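Work through the exercises below with the structure open beside you. Try each task before you read its solution.

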Amino acid sequence: MDVDRAAAKKGKDDRVNVEDLIIKIDVTIGDVSLVVDLGDMFPDLKASAKVALDGDLDWIHINTIQWLGGGTVLLSSRETSTVIKLADIYGTPTVDWLMGSPDFWAGSGFEDKLLQAQGDFSLNAGQHSVTYLPSPDTATTGCYQVLLYDNNFGAAESYPKFDWGQLGAAVVTDYNKGTHSFGRVFAVDETARTYELEDQIAVPFSGYVSSAQRVGDSNSMLVASGRAKTFAEYDRYGLPIATYEMEAEKFIYRVYKYGL
């Protein structure tokens, strides 16, 4: 969730912290309440982050909240290139698991929360639009899929000393050299504490913004590459069904398809 700057808070050193809160809005009476402050959950990470050139401390940059029910959510943290699962957000929020780079999280105290990658693939880099999908194998407990737009851009102004190339040989670390981002589906096994790449579609490169969506029961995928100002629907074999380009001053943020 993007938190409006008017709702942003200031830390002890007056740095403006952005996109690091989960808030709840009562639309009937207009009340806004704080649910989770990620700075309270990851204080050491926040303390180590560098202030951006615009003066904001955009240290975790949550760009997606996927509600799973029962006080459980999936978060997409662009700045750490990590998908985060939180439990009990209305009680005592806890980190259930992290899908991200072991090198980035080394020494954080959260190493035991990392899911182990199975197989040979570059890790998600700067991802957006994280979505929960039920596992096709409904008889297996704790298994499901996670769909996301993998921007494939390893960079973070908050952590300039980290070598984002460690996420994999295919990860772009120079924005001007990017050629492809990806719509990706991962299979998560919470019992084994693992995840593996199940499907991916190469799409035009977009280092920031963008989205991916599973469409209906057809297993097609709608992917929007925001900075490239294009979106396309791909069939189950990764072949384009239809491709569109949009006129935009800077980018298109996300594109979703809904039935009538």
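Four exercises follow, each with a worked solution.

**Exercise 1. Confidence**
Find the mean pLDDT of the chain, then find where the pLDDT is below 50.

*Solution.*
Step 1. This is a predicted model. The mean pLDDT of the chain is 92.
Step 2. Of its residues, 93% reach 70 or more.
Step 3. Now look at residues 1–9. Here the pLDDT is below 50. Beyond near neighbours in sequence, this stretch still has 24 contacts in the model.

**Exercise 2. An open sheet**
Give the strand order of the open sheet of four strands, and name its edge strands.

*Solution.*
Step 1. The order is β15-β16-β17-β18, and the pairing is antiparallel.
Step 2. An edge strand pairs on one side only. That picks out β15 (211–215) and β18 (240–245).
Step 3. Go to the pair β16 and β17. Strand β16 covers residues 220–225 and strand β17 covers residues 230–234. Five bridges hold this antiparallel pair. Opposite Ser 225 stands Thr 230 of β17.
Step 4. Check the twist. From one strand to the next, the twist averages 15°.

Strands of a sheet pair through backbone hydrogen bonds, either parallel or antiparallel.

**Exercise 3. Strand β12**
Decide how many residues of β12 are buried, then trace its bridges to β11 and β13.

*Solution.*
Step 1. Strand β12 spans residues 143–150. Buried means under 20% relative accessible area. Eight of the eight residues in β12 are buried.
Step 2. Sort them by face. One side carries Cys 143, Gln 145, Leu 147 and Tyr 149. The other side carries Tyr 144, Val 146, Leu 148 and Asp 150. Both faces are covered.
Step 3. Turn to β11 (residues 128–134). Five bridges join β11 to β12, and the two run antiparallel. Pro 134 has Tyr 144 of β12 as its bridge partner.
Step 4. Turn to β13 (residues 180–189). Eight bridges join β12 to β13, again antiparallel. Leu 148 stands opposite Arg 184 in β13.

**Exercise 4. The second largest pocket**
State the volume of the second largest pocket, and find which element gives the largest share of its lining.

*Solution.*
Step 1. The volume is about 300 Å³.
Step 2. The lining has 15 residues. Nearest the pocket centre lie Pro 136, Gln 145, Glu 198, Arg 214 and Asn 219.
Step 3. Look for elements that give two or more residues to the lining. These are β11 and β14 (194–204).
Step 4. Pick the largest share. Strand β14 supplies it, with three residues.

Technical notes
Residues are numbered from 1 along each chain as its sequence is written. This is a predicted model: local features need pLDDT of at least 70, side-chain atom pairs count only at pLDDT 80 or more; totals for chains, interfaces and linings use all residues. Side-chain values use heavy atoms; hydrogens and water are left out. Two strands pair if DSSP finds at least two bridges between them. Axes are lines fitted to C-alpha atoms, for helices over the stretch in contact, and angles run from 0 to 180 degrees between N-to-C directions. Buried means under 20% relative accessible area, exposed over 50%, partly exposed in between (1.4 Å probe, protein chains only). pLDDT is the predictor's confidence in each residue, from 0 to 100. Contact means heavy atoms within 4.5 Å. On a 1 Å grid over the protein atoms alone, a cavity is a set of points where a 1.4 Å probe fits but cannot get out, and a pocket is an open set with protein on both sides within 12 Å along at least five of seven lines; lining residues have an atom within 4 Å of a point. Grid points are joined across faces, edges and corners, and a volume is the space filled by probe spheres set on the points.
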